[in-house]
Amino acid sequence: MGRLQFGRTVLQQLTKVSSSATRLGSGHAELPWTSIARGIRYRKQLECILTTDISKLGKAGETVKVAPGYFRNHLMPKLLAVPNRDHYAYLIREQQKLYQHHEKEEKAEVVQKTGEEEMEEYKSAARRLDRGLLGLRRIVLNYGKELRFPITKEEVLAEVQRQLGVILEEENLVMPSNITMCGRYEIPLRLPKSLPLPGGKPQISLKVKVQRN
């Protein structure tokens with residue numbers, strides 16, 4: 001989960017480099033890695049740097065080889081990887097050092113907690129889940145409401161940790177299908193019965209708002 005947040009931090013820095021953006025004939029700004037990707041359509045393999053852990057492909061910060069179409073149509077639009085260029089590699093290395101430093105600090109601060117302290121943390125997490133609103137922005141098709149890439153359960157879990165500071169397991173989220181349209185959603189949560197819910201509610205839901213990017 002932390003890797004995903006680390007990857008987003010890298011990309012936030014990349015998108016701030018407005019001077020690197022070029023103008024197309026249509027008048028729209030194009031990000032630097034987009035123009036690079038357009039030039040590698042006919043290569044058999046493309047080297048890219050992952051910004052998050054991807055199963056069967058690699059871990060965040062690793063350089064891997066993928067098909068240009070896979071990078072152009074899947075990894076790049078979802079900001080899961082950037083081209084293997086010196087500027088991007090330097091930023092990712094620096095961010096990775098920062099992430100590892102914070103990870104070591106967090107491990108050093110871990111102490112044994114009592115049952116009462118753990119229960120208070122659970123209650124606090126349940127309140128954040130009940131009151132919070134998860135905001136997601138995604139690319140849509142033809143300026144409509146249909147998302148170009150559906151939002152999966154794994155993405156929702158990662159955003160819950162990033163935005164609300166709560167770590168959930170897959171079985172805690174009752175989400176039988178992906179989110180494919182913009183709008184507001186309430187996703188039921190399946191939490192342990194021993195955990196007292198806010199206001200004595202029998203069940204709480206995760207509120208999600210999906211907007212066009």
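Reader: Where does P176 lie in this predicted model?

Author: P176 is found in the loop that runs between α6 and β8 (179–181).

Reader: Is P176 buried or exposed?

Author: With a relative accessible area of 83%, P176 is exposed, because anything over 50% gets that label. You can also place P176 by a partner in space: T152 is 24 residues away in sequence, and the two C-alpha atoms are 9.9 Å apart.

Reader: Let me try another loop. Where is L197, and is L197 buried or exposed?

Author: L197 sits in the loop between β9 (183–188) and β10. Its relative accessible area is 19%, so L197 counts as buried, the limit being under 20%.

Reader: Which residues is L197 in contact with, leaving aside its neighbours within four places in sequence?

Author: L197 is in contact with L191, P202, Q203 and I204. Try a distance as well: L197 and A126 are 71 residues apart in sequence, while their C-alpha atoms are 6.5 Å apart in space.

Reader: What share of the contacts in the protein comes from residues 24 or more positions apart?

Author: Counting contacts with a separation of 6 or more, 59% come from residues 24 or more positions apart.

Reader: Now a backbone matter. Which residues have a positive phi although they are not glycines?

Author: Look at N142, with a phi of about 50°, and at Y143, with a phi of about 60°. N142 lies in the loop between β6 and β7, and Y143 is in the loop between β6 and β7 too. As for the surface, N142 is exposed at 76% relative accessibility, and Y143 is exposed at 67%.

Reader: How should I read a helix?

Author: Start with the general idea: an α-helix has 3.6 residues a turn, so residues three or four places apart point the same way. Then take helix α3 (residues 68–75), whose buried residues are P68, F71, R72 and L75. They cover an arc of only 125° around the axis, which means that they lie on the same side of α3.

Reader: What is the relative accessibility of P68?

Author: P68, in helix α3, has a relative accessibility of 5% and counts as buried. Its C-alpha atom is separated by 8.9 Å from that of E47, a residue 21 places away along the chain.

Reader: Which residues touch the most other members of the largest nonpolar core?

Author: They are L129, V156, V160 and L206, in a core of 27 residues. At least two residues of this core come from each of α5 (115–131), β6 (133–138), β7 (146–151), α6 (153–164) and β10 (205–212). The most is given by α6, with 4 residues.

Reader: Which contacts does V160 make, leaving aside its neighbours within four places in sequence?

Author: V160 is in contact with L129, L134, G165, V166, L168 and L206. Apart from the core described above lies another, of 11 residues, which includes I54, F71, M76 and A81. You have met F71 already, among the buried residues of helix α3.

Reader: How do I read the cysteines?

Author: The general idea is that a disulfide is a covalent bond between the sulfur atoms of two cysteines. In this model the count is 0 disulfides. Two cysteines to look at are C48, which is buried with a relative accessible area of 0%, and C182, which is buried with a relative accessible area of 16%.

Reader: How many helices and strands does the protein have?

Author: There are 6 helices and 10 strands. Among the 213 residues of the protein, 35% count as buried. The accessible surface comes to about 13600 Å², and 49% of that surface belongs to carbon and sulfur atoms.

Reader: What is the mean pLDDT of the protein?

Author: The mean pLDDT is 78, and 71% of the residues reach 70 or more. Over residues 1–6 the pLDDT is below 50, and this stretch has 20 contacts in the model beyond near neighbours in sequence. Residues 17–33 also stay under 50, and for them the model has 21 contacts beyond four places in sequence.

Notes:
Residues numbered from 1 in each chain as written. Predicted model: local features only at pLDDT ≥ 70, side-chain atom pairs only at ≥ 80, totals over all residues. Heavy atoms only, no water. pLDDT = per-residue confidence, 0-100. Contact = heavy atoms within 4.5 Å. Buried < 20%, exposed > 50% of the residue type's maximum accessible area, 1.4 Å probe, protein only. Arc of directions from axis to C-beta. Areas by Shrake-Rupley, 256 points an atom, 1.4 Å probe, with all protein chains shown as cover. Core = buried A, V, L, I, M, F, W, Y, C linked by side-chain atoms within 4.5 Å. Disulfide = S-S within 2.5 Å.
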